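Colleague: I have a structure open and would like to learn how to read its features with you. Could we take them one at a time?

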Amino acid sequence: MPFLRPLILVLLVSFTSNFAVAQASDNNAPTNAQTKTPVNESTEIEWRYHGGTYEDQRYSTLGQINARTIKDLKLTWFADYPAYGGQQATPLMVNRTLYVATAWNIVYAYDAASGKELWRFDPAVRRAVLIDACCGPVTRGVAYADGKIFTATLDGRLIALDAASGKQLWSAETVPEGGRYTITGAPRVANGMVFIGNGGAEFGVRGYVSAYNIETGALAWRFYTVPGDPAKPFENPILQEAAKTWHGEWWKYGGGGTVWDSMSYDPELNLLYIGVGNSTPYDPTIRTAGMGDNWFVSSIVALNADTGAYVWHYQTTPGDSWDYTATQNMIFADLDIRGEQRKVIMQAPKNGFFYVLDRQTGELLSANNFSKVTWATGIDKETGRPVLTGEAKWWLNPEGSVLFPSTGGAHNWHPMAFNPDSGYVYIPVNIYSGNFRAVEDYQYRSVGRTTGLLAGSPPLADPKVRSVASERLQGRLLAWDPIKQQPAWSVEQANSGNGGVLTTAGGLVFQGDTQGYLNAFGADDGSPLWRFNAHSVIIAPPISYRIDGQQYIAVLSGKGGSLGRIAGGVINEDMTNISRLLVFKLNGKGTLPEPVRLEVALPNWEDTKVDPQRSKRGAGLYAHYCMTCHGVSAQGNGITPDLRYSPLSGITDAFKAVVLDGVMASTGMASFSPVLTPAQTEDIRLYVVQQNQLARKAGDVSRVGR
Ligand code: CA
């Protein structure tokens, strides 16, 4: 394949040059004489846990950076990473060291003040696992305890590293071989144990959470979130109860219920709360004979942290059939509810409702929709159940239903934050509808998604259609009063998929966006106070820490993952995707290099004859096997190549070499042989060529980057 060499060479060059770490020396004393600073200002303030503290509020007690001083907030240092995969992680700052998890689970440690790299660890994730990953090789972070860093890899390993040296201490396989599980969530730690879930509900798995001993890596306990085959013994007593809420032969499809992101731990109650994901397949007539609540999909479940024993659960979406996961972050607070001080847990799951529960008992205290919702009219306060609308049951309608929220959710993994001073929760909201329509003749598939939902592939290459889609895809930073269950203020945003949130005692809310900015707003009124042009989409949440009296803000840029590809990839395709750690302080002296904008011309394949029957078959195959990674209409997602622009799509043998012979397997493009035949592969290629020709017809003949 001599024609492949130049391309691969270019990839290698850009990969290595992206590793350069730039640092700006910065010895300026802080100018905080007039600002309100705590008495003992030399003490380090860490960001030790995923959500800052066990309360998971993503609230920093630091106030050196505030409405008055923020005009002096400047970059101090940064570090670049290979621009592949999207950056979703929350960094940790412990003992003056910043720990950063990046795509493909490569972990870096830096001196958190100077940016000097101390070590890096590459677990050499098996690239072929990408075929079982819904949303790219992303990770949301690592955990720290007892001088160790815990990282969970996309291919299912939980690894302990020495926090000082980065040397591997132990590694545990947390998923069965060939099980189609992936891990993107951050591990959590408590009581000498490290907890980890997994993802894969779209691919037909059975969810569970495991606890491992932090010293030895030995399995301490495992809690399955859905019951298995009732012909076999249930792993714990509550699963026998859970099985009464399932019907048909659900275990053959896995059932779903993966805990792919959030867990919160309350040390006082010794409860571990797990956020449980959606069911699989989505269509309840296939999954559960169309009946039942299907415990514990889309639920918050409280477990005894020592034993993994069930304590209580609250199901946000009984019998979930919409991909309305309850995996979103869960925040603790003490709130005055109707004159009574309650220990609450708060969540804004995908389904569009904001829930306040008593975290000791699971009692529903209040719920209200925080965004447009058309699948339910509200939550019945007596039963705690949603009241479904007629159109919610899409599987009964041959035409399907268009519903708010979409499967992407009114709120996805991008963490919300709670500020105890303002009393508001700040939610990154996604506003777009989803087409819910059943596939005809559902069959369980051993490769690719197996949800039973028709994967739509709108012809977004048409600029007119794209502008309509863009109008539908909006975002909002919403300040929500959790006691009154109503909005306080909001900032409207051009796209969905904006970044996770940080809020501070300086009265600020920090959030990155899909337009390439890190923003700061007033916590009380949302007034725009500051923004920094990062030249790249930011979806990850920022953190804050203090070293030697200086407050820092740190955040990753780089789009990727499911919403990154919808919002960042399709709508904001003109923005170069830069995977980068950005660290700020008052009067920082760092500068970013000018972004390189590579204008690429659309290859001209006008002369290629496309048999409409073949390209139609190709469209169906593309939607099932390729679209998740390569985007609608083959136009990429800002991470994977825009296939309409790839010279390889123009040549039958070259396309086959990639798709069937696996010549690019090292990048994550696994071989699809023998799932796809050479003839089917050519059908897909002809569909891609057709998309290229449609783009040319529409006058869409160049783009930036890939
Ligand atoms: Ca899902």
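Modeller: We'll go through the metal site, some strands, an arginine and a few backbone oddities.

Modeller: Ground rules: this is a predicted model, in which local features need pLDDT of at least 70, side-chain atom pairs count only at pLDDT 80 or more, and totals for chains, interfaces and linings use all residues. Residues are numbered from 1 along each chain as its sequence is written, and side-chain values use heavy atoms, with hydrogens and water left out.

Colleague: Let's start with the metal. Which residues coordinate the calcium ion?

Modeller: The general idea is that donors are N, O and S atoms within 2.8 Å of the metal (3.2 Å for Na, K and Ca); water is not among the atoms, so sites may look incomplete. Here Glu 202 gives two OE entries, Asn 278 gives OD1 and Asp 323 gives two OD entries, at 2.3 to 3.1 Å. Along the sequence, the donor residues follow the spacing E-x75-N-x44-D.

Colleague: And where do Asn 278 and Asp 323 sit?

Modeller: For element names, helices (H or I, at least four residues) and strands (E, at least two) are DSSP runs, numbered from the N terminus. Asn 278 is in the loop between β16 (271-275) and α3 (284-287), while Asp 323 is in the loop between β18 (310-315) and β19; the pair is 45 residues apart and links distant parts of the chain.

Colleague: Are those two buried or exposed?

Modeller: Buried means under 20% relative accessible area, exposed over 50%, partly exposed in between (1.4 Å probe, protein chains only). Both Asn 278 and Asp 323 are buried.

Colleague: β19 came up just now. What is the strand order of its sheet?

Modeller: Two strands pair if DSSP finds at least two bridges between them. The order is β19-β20-β21-β22, an open sheet of four strands with antiparallel pairing. β19 (331-337) and β22 (364-369) are the edge strands, each pairing on one side only. From one strand to the next, the twist averages 30 degrees; axes are lines fitted to C-alpha atoms, for helices over the stretch in contact, and angles run from 0 to 180 degrees between N-to-C directions. Zooming in, β21 (residues 353-358) is joined to β22 by five bridges, and Leu 357 has Leu 364 as its bridge partner in β22.

Colleague: How do I read the two faces of a strand?

Modeller: In a regular strand the side chains alternate between the two faces of the sheet. Try β32 (residues 508-512): five of its five residues are buried, so it is largely enclosed by the rest of the structure. Leu 508, Phe 510 and Gly 512 are on one side, with Val 509 and Gln 511 on the other.

Colleague: What does β32 pair with?

Modeller: Four bridges join it to β31 (residues 501-504), antiparallel, with Val 501 partnering Gln 511. It also pairs with β33 (residues 517-522) in the antiparallel sense, over five bridges, and there Val 509 stands opposite Phe 521. Check the turns too: the β31 and β32 hairpin has three residues between the strands, with Gly 507 at a positive phi near 75 degrees. The hairpin of β32 and β33 has four residues in between, and its Gly 516 has a positive phi of about 95 degrees.

Colleague: Which residues other than glycine take a positive phi?

Modeller: Two to look at are Arg 58, with phi near 55 degrees, and Asp 441, with phi near 50 degrees. Their surroundings contrast: Arg 58 is buried, with a relative accessible area of 1%, whereas Asp 441 counts as exposed at 69%.

Colleague: What does the side chain of Arg 58 contact?

Modeller: A salt bridge is a side-chain nitrogen of Lys or Arg within 4 Å of a carboxyl oxygen of Asp or Glu. Arg 58 has none; Asp 56, the nearest side chain of opposite charge, is 4.9 Å away (Lys and Arg count as positive and Asp and Glu as negative; His and the chain ends are not counted). Its side chain does make a polar contact with that of Thr 90, at 3.0 Å. A polar contact is a pair of N or O atoms within 3.5 Å; within protein, one must be able to donate a hydrogen and the other to accept it, and residues adjacent in sequence count only if both atoms are side-chain atoms.

Colleague: Last one: where are the cis peptide bonds?

Modeller: Look at omega. Thr 280 and Pro 281 are joined by a cis bond with omega about -15 degrees, and Phe 404 to Pro 405 is cis with omega near -10 degrees. Pro 281 is in the loop between β16 and α3.
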